[in-house]
Every structure is written in C-alpha cells, then in structure tokens.
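Subject: Structure handover

Hello,

I am passing on the structure we spoke about. Please open it alongside this message and keep the sequence to hand while you read.

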Amino acid sequence: MTTLIEARHVTKIFGGGVFDRNATVALEDFSITVDSDRPSITAVVGESGSGKTTVARLLLGLVTPSRGQVLYQGQDVQTMAHADWRAFRRDVQVIFQDPYEVYNPFYRVDHVLTTPVSKFKLAATKAEARALIEDVLEAVGLRPEETLGRFPHQLSGGQRQRVMVARALLLRPRLILADEPVSMVDASLRASILGSLRKMNLERGISIIYITHDLATAYQISENIVVLYRGSVAEAGDVELVVKQPQHPYTQLLISSIPLASAERTWSGESASAPAIQATGATGCKFADRCPSATPPCLQALPPLYQTAPHRAVACYLYQSAPALATGEMVSVFTGQATLKKGISGQPGSPGEAQHAGV
Amino acid sequence: MGEGTTPPGPIPEAARPGKPAAALRYVRRNPSLVVGILLLLTLVLFVGIGHFVVDTSKSRPLSAPVLQPPSPEYPFGTDRQGRDLLAVMVAGTPLTLRIGFIAGLLGVGVGSILAFVSAYYRGAVDTVIRGIADIGLTVPGLLVLIIIAVSIKEGLTVDQMAIIVASLAWLNPTRTIRAQVLSLRERGYVEVARLSGMSGPEIIVKELMPNLLPYLAATLVNAVSNAILASIGLEVLGLGPIESPTLGMTLYWVNYNAALINGWWWWWTAPIVIILIVFLGLFFLTVGLDEIANPRLRRTV
Amino acid sequence: MKPDVLRVRGLQVYYHTPLGAVKAAEDISFSLKAEERLGLVGESGSGKSTLALAILRMIKPPGRIEAGEVWLDGQNVMTLSEEEMRQVRLARIAMIPQGSMNSLNPVMRIQAQIADALRDHGVRMTKRQVEERVRDLLQSVGLKPEVATMFPHELSGGMKQRACIAIAISLRPKVIIADEPTSALDVVVQKQVMETLARVQRALGASVILVGHDMGLVAQFVDRLGVMYAGKLVEVSPVRDVFTKPLHPYTTLLIATLPSLEQKGTFAGIPGLPPLLRDLPPGCAFHPRCPYAVDRCRTEVPHLMEGRPDSWAACHLLS
C-alpha cells in the first residue's frame, strides 16, 4: 500500500518563541494518511479551534510543522526538490471556504482558470486552453457561455464555488482539499457542489479530504471521518460507525447538539456546561474539563488512539482495553483499506455499494 | 444577507471601477474630479494657445520696456528686467509643471517599487527599506534640498531641479503604498495565484497592482503637488535655475526687487494666480481620485 | 386563544439603486401571538433580515419602507414619530441583530453597555440598582456575575451572544426579534444559546421572531415557521406541519436540501438560481424552478391562502 499524502506526528504551534505563554497549539501529534491505490473521501470534522484549518494549510505545504513531517509520496514537502515540488503543486489542489475572497475583483472569472493553464502549460494553443476550460466547467454543472466573461460579482456564491472546483480539476489532481467549501453557500446549492466533489472521486479517481464543521454534510459524502477537538484527534474511522455509534464523549456531545430538521424536536436534555476559557499548556486529555466521564488519569497524559473495532479508533481512556493504534496505521481504520484487504465488508454505505448523493 | 444599507442580491455594475461606462457615471457623481480636471485643463490651454499667440522669446530680460503696467501690448505688464510677463507665464508655467511631474513620477515610481517589494516579501528586505524611509522622513526635507542645491557649483537646469526634488519625493509614497500592499497581500486571491504557480513578481504586477491603480494615481497627484511646492520653495530662496522663467524664479525676482512695496502689483499677481490654479487643480484632482480609491467604495466591488 | 401581539400587514421594502428598484420585501403579512415563537427561514436574498429591520423601522437609504402596517398592541408603529419609535425599540420590541456579538463596544465593560441601554430609555436608577439589575439579567442568561466587569474580548462567542440577549431583554420587551443569533457559533454553543433564549422568553412571557437560514436550527425552537423566497412569504404553518405536510413546492424542495444523519444519499439541491430582486420574473417568483408550475404561475402572482386551518401558502396549486 503506497501512501499519497501523509502527516506524521505533526504538531503546529503558532506564535511560539521564547515566551510560551503566547503560543497556541493548533495541532498536536496529528497523523493522517491518504492512500494512493484507492481514491477515498475523508472528512476532517471539528469546531472552531479544533485545528482543522491548520490541517489544510499543512497538507498544502503552506505552513511548516513545528514537529513532525508532511510527506507527499514519501517525500518531505518542506525539503523536496523543485521538480517534485511542482508535481506536488499540481497533484494537490484546494478549494477554499470563501467564494468571494478568492477572486481578484479586477479580473473576470476566466482569470482563475486561465492562470493555471498557462503556468502549468496545460494547453499548447489558445483553442486547446478554451476547450479544456469549457470541459471542466461542464463537469461541475456550469454552462461556459453563462460563466466565462463574467466578473465575480455577477455570479452567485454557489456558482463561484463551482468555478473553484472546476479550477481544481484543470490540473488533474490526485487529491483535493476542500476547506469548508459550502459553508458560505446557500443550502439549495450545497448539494450540487458536494455532488460534484463526489463525482470527481468516483469518476476521476480523485481523493478528497473534506474539512468542515458540519457533521451532516460530512456524513453524506464521505466514507471515513476524523473528528478533531482542540488540535487532537478524538475519534476516527468509518463514518457510519462514528456517526451512528459515537464512542468519544466529545463526538457524542457534538452529535446530540446538532439540530435535525424533522417534525420531532431532537435536542435532548440539558447541555453540558460551557467550558471556561482554557489556558494553554494544560496536559492530559483536552476534553477532560467538559467530560462527564473524566477520571484523574485523563488529566495526566493525552490518551492514544485505541482501535476499538477494525474500522474505528477512539482517543479515550474509557477504551484502553483495546489495542493502541500504531502511528502510520491510521489509514488502516479507514474502510477503503479494509475493503482492499478483506473484500466487501457488507456494512451499509461501504464503498462497494457506491451510493450517489443525488448529484 | 441584507443589512440596513446594502441591497441584497448582485452588486449593481455602477459601483465597479475600471469599465469605461461605469467610470463616466462615477465622474458625474464626483464633482471634485471634474473641477480639478477643468482647472488643469485651463492651464494647459493657456500654455498651449499661448505658445502660438505669444512670442516666448520676450520672456528673456531686455525684451520690453521695464515696469510697464498691464496694457493691450503687454497684457500682464513687464518686470524690472524688461521681461514680458505674459511671455514669462506662458514659458514658465510648463517648466514648473515639468519639474513637478518628473519629480513626482520618479518619486512614486521608485516608491512603488520599493513599497511592493518591501510589503510582499517582508523579512529583512522590508526592515531595511522601511528603516531607510522612516529615517529619511524625520530629516527636514527642505533643509536637505537647500544643502544639495547650494552645493551644485554650476548653474542649475530645470531637469536637475527635478532630480534634486525627486531624491526625497519617494519617501512618503513608499510608506503609504506599502501599507496598502500589506493589507492586499492577505487576500484569498493572492493565495490562489500562488497556488496556481505565479511567482512573486508576477503576483505583484498582475494581482496586486491593478487593484491599487486608483490609489497610485492619487498618490502620484499628491507627489506632484508636493514636488511643485518644494521646487517653488527652493526657487524663491534663489536656489533654482536662475536663467529660467519658472514661476518660482519670478517670485524670487519679485522679492529681490521689493515689488510689493514698490506697488508693481502686476508682477506678483500673475504668478500667484497661476500657482493658485495649479494647486487648486491638483487638490481637487486628489480629492476626486481619493473618492475612487477609498476602501469604503472598494468594499462594494 | 392568545391575542395577537404583533400584526404585520402588506409590508413592502424597496432599495432604490441606479439600476432599478430592488424589491427586498413584497407584501409581507403575518401575525404573532403572545408568547409565541415564529421562525422565518430563507436563503440569502430572501428578504428575511430586511423584514426584521423593517419591523423596527431601521431601514436606511437607499432602502425605504414603501408600504405596510405594523400593529404592536393595537398601535401602528409606522405612524409614530422618530422619537416615539426610539422609545418603542428595546422597550417594547427588542432586536438581537446579526453579528451582534461583534458589535459590542470593545472598550466598555458589559455592565456599562447594559446600563447604557437602560439609561437611554429614561430608566432612572441608582448605581446600586443598576448593578443589581445587571446581575439579575446576566443570571437569567446563564452568565456569572463576574461577567459584568469584563470586556467583550474576554468572553467566548457564546458568552458574548448571551450578553447581547441580556441587553435585548433588559427592558422586558413584549417582542424579541433574533436575526441569526447563532450563525458564527459552534454547534454545541449554538444549542446553549438557543436554550438560553427559550428560557428567557418563557420567563418574560414574550414572543420571539427567529430569523435564520438554518432550517433545522430554527425548527427546533419555534412553534410556527414561515418560509421566505425572493422577498415574499411563501408559507406559514405550524412547524410540525411544515415538515410533514408542506404546502408550497419551495418548502418541499428546501426540506430536501437538508442533509440528514440518518441515511446517506438523501439530500439534493434545487436546480436553477434565485431571481434577481430587481428583475423578478412575472407571476410567481419561484415558477422558473418549480417542478409543478402551470401556466397560471407564469402570469399571476399568488397570495397567501389558507390551505389548511392555520396553514397558509402562496401557491396557485392550493386553489
């Protein structure tokens, strides 16, 4: 099994230096692997302060890890040769959250599409370039004649975001990092954008890392999930298991707080008390101060990930009877890998029964 | 999402600078710009037509009877050295303006390059450039210019004046443009450009500069205005190009010959009126351009 | 049967731009009973925030309230003078505006900000009385008394929002309008803030209008739900009925866009785009995207009709 991209024990501290007091630990001992044999969709879910945005920037090489490494096809992103780095820049593309900010208001939207074509020499002639651009626009469900030649403010947020997805496709990437791609888009337009991403995965074999705070959309389009809490992984694994039977107390709290649109009110019971502002530098499990099941050992050291089932792992001392997951084996809890080894597992929503989320 | 003042839905095109029709609509809403342009246009016409109508060789001394008050033959009168003042104004105004433009252009040109490099690359380069600019700004500019002008042994030409003034004109533009670039460089589209494979200089020229054009224009007009002021200041002190009939030199002669006390009002009225028109024109132009460049409006784009 | 505490009739708000009038809200009519919670959901550009501001007469030029009445306790606030309206705001109708937690004055302590609001409305209290009132208010929103002496930047997002609720209820209004009160907050904190709002509303016996784009969130809180599209109110029904028996096609499609945690592959989008508010299509604004559109929809504008007792929708299919 070869890995496409991997974060190994990455810790990122911002604003550090001589005075630790001002340092923020954005990510602590974070590892994730995306394998290259089978394109997957992995969701990284977390709330504000969870470090999910840092994950995106790290995997793109825009930010240097304070500790640990980010490896692309086995090579450290920070030290790779220029030719490899250029290949990395092509193979890993990103879709940002804000569909307004990513456009230079001076240019028409064509600019974000023509720039990579010329910089990466994707077409030999102008006609070829035009054909390529029209092709990717149609692939995301946009009509070139209605989109090209317009200025950003003339398109809706949803259309702008879809142009960004099209842009990501131009370079035939192997991995797309989608950082909150639909949170600033209207509800009625979200499904088609997420559907495009899923289509990319199924039809073009592109792996997706979908970073979001919205557990519901994460559940809908991904197979694997990583739940982040304040810079550390709380729980990871098959999205069906994690969402239907959450094991980590934080995941349980998260799911019970999601307002579901149904006839019944499902917000149950009283909420847990809100945490006071945390001082940094606290040791132990990050959730201990809000956790109804916290015990003294929780305050001492960060719990490792325990593999409680073939397709899931939880970082909680409640499950310490299960074997601890070795690093670099994170990918083994993701269903894709399991399917390769054991054949179709028969679990609902497994990749073998490729379901389409209503494109 | 509908706040109190912003209408929901796509932004009307009129608010977007850069397209010709929209620009015209803007001008109508921007009276200062129009007034400024008109004033400057008046001067240009004055000089342009003047060069055909008036014999500019009469701007040299001993071309006309001395100290004549305005008459049909000499509409602006003459001065103590026998210069036809109308010819002096027609010949001298473009000289003064030229000093201003050259110095202003050089100042903003050099200033922008330094500002873009400094703000985009940050780090040591930024520290050095910013340090020099900050130190330079604390030194009294006029003093430096006087020292430089005095040390030039031979007679000064108009272009040399321009370069002397330009030597200090880049300081302020560097700082102000740098501040603008600093905020722009954090925008999402800069990151996208980087990820699309654009290099640093490309990003500066293609992504950042177009968005700063209105601001750069306003800064340029401001720099020109300051440069003209500085050059007139030096000239009045007698440190300018003695042979040339620039506006400032005329005022020097006015002072030297005590024209005020002697009641030769026509001698100092003409240059002062023209100087007023120059500065008012540039001022209104700056205000007009400022309105275009103002971030409050930029937000609607 | 509770009496109506707020009645909106034919409210119309246009924004006048050089390119034409943007019809942000058109012919909005609804009623709010005492102690009732009404939700207004819609996507961006639907007019829901405009409506909230219009009720409080806080529309600024180039927007203008073209027509309509807003009856509060038998009095049409549209006819009041500016000074009288100022007295009505906060004391009788309070608003928690969008992003209000970011509009707290960063250099004033929370206590001072609440006291300011009280003083502005002519409430005369001694310093001690003000302190006590602030403490009570903070307690009613679940904040510790220490918060009174803190600055906004010392509070978390949820705490700031609850402080804003405290300001809104300081004069015991009869109607509270909350415009996206939890939009920037995490899911867990969101729930806490909404529960606070619910508790506060029950204690005051006030009515609430909750404006938002997150249908699931709004539905958890309200008794009746109104759906807005392109500046019009297209459906108003009891919240349960909206989900089990929606009357308007847009409502049905909107519900289908909500991703569920129950089953995969269940959410879809609505094809097409919302119309430009200054260039609305003739007839029903939704007809270009409506799967059930008939000829009548293209020419005649539908008005709210009672499809079932107490369930209203603006759709020709009802008649």
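Below are notes on the contact between two of the chains, then on one sheet in chain A, one sheet in chain C and a helix pair in chain B.

Please keep in mind that this is a predicted model.

Chains A and C

The contact between these two chains involves 36 residues of chain A and 34 residues of chain C. On the chain A side, three elements give two or more residues each: α7 (187–204), α8 (215–221) and α10 (249–257). Of these, α7(A) provides the largest share, with 6 residues. Sorted by class, the chain A side has 18 nonpolar, 14 polar and 4 charged residues.

The sheet in chain A

Chain A has an open sheet of 8 strands. Their order across the sheet is β6-β7-β8-β3-β9-β10-β12-β11, and the pairing is mixed. At the edges are β6 (92–95) and β11 (306–309), each of which pairs on one side only. On average, neighbouring strands are turned by 20° against each other, with direction ignored.

A good strand to look at here is β3(A), residues 41–45. In the strand order it stands between β8 and β9. What joins β3(A) to β8(A), residues 207–212? The link consists of 5 bridges, and the two strands run parallel. Within this pair, I41(A) is opposite I208(A). Towards β9(A), residues 224–229, the pairing of β3(A) is again in the parallel sense, over 4 bridges. There V44(A) is opposite V226(A).

As for burial, 5 of the 5 residues of β3(A) are buried, so the strand counts as mostly covered, with the cut-off for a buried residue being 20 or more other C-beta atoms within 10 Å of its own. I41(A), A43(A) and V45(A) point one way from the strand, while T42(A) and V44(A) point the other way. Residues on both faces of β3(A) are therefore buried by that cut-off.

The sheet in chain C

Chain C has an open sheet of 4 strands in the order β2-β1-β4-β5, and its pairing is antiparallel. The edge strands, which pair on one side only, are β2 (20–33) and β5 (75–76). Between β1(C), residues 4–17, and β4(C), residues 63–72, there are 8 bridges in the antiparallel sense. One position to find in this pair is Q12(C), which stands opposite A67(C) in β4(C).

The helices of chain B

Chain B contains 13 helices and 0 strands. Of its 301 residues, 40% are buried. Among the contacts in chain B with a separation of 6 or more, 70% are between residues 24 or more positions apart.

One helix pair is worth opening up. Two packed helices are described by the angle between their axes and the distance between the axes. The axes of α5(B), residues 141–151, and α6(B), residues 158–169, come within 10 Å and cross at roughly 145°. This crossing of α5(B) and α6(B) is right-handed.

Which residues of α5(B) and α6(B) meet? From α5(B) they are G141(B), V144(B), L145(B), I148(B) and A149(B), and from α6(B) they are I164(B), V165(B) and L168(B). By class, this contact has 7 nonpolar residues, 1 polar residue and no charged residues.

Regards

Notes:
Residues numbered from 1 in each chain as written. Chains lettered and ligands numbered in written order. Predicted model: local features only at pLDDT ≥ 70, side-chain atom pairs only at ≥ 80, totals over all residues. Contact = placed C-beta atoms within 7 Å. Nonpolar A, V, L, I, M, F, W, Y, C, P; charged D, E, K, R; others polar. Buried ≥ 20, exposed ≤ 12 C-beta atoms within 10 Å, placed from the backbone. Axes fitted to C-alpha atoms, helices over the stretch in contact; angles between N-to-C directions. Left-handed = near helix turned anticlockwise from the far one by under 90°. Pairing = 2+ DSSP bridges.
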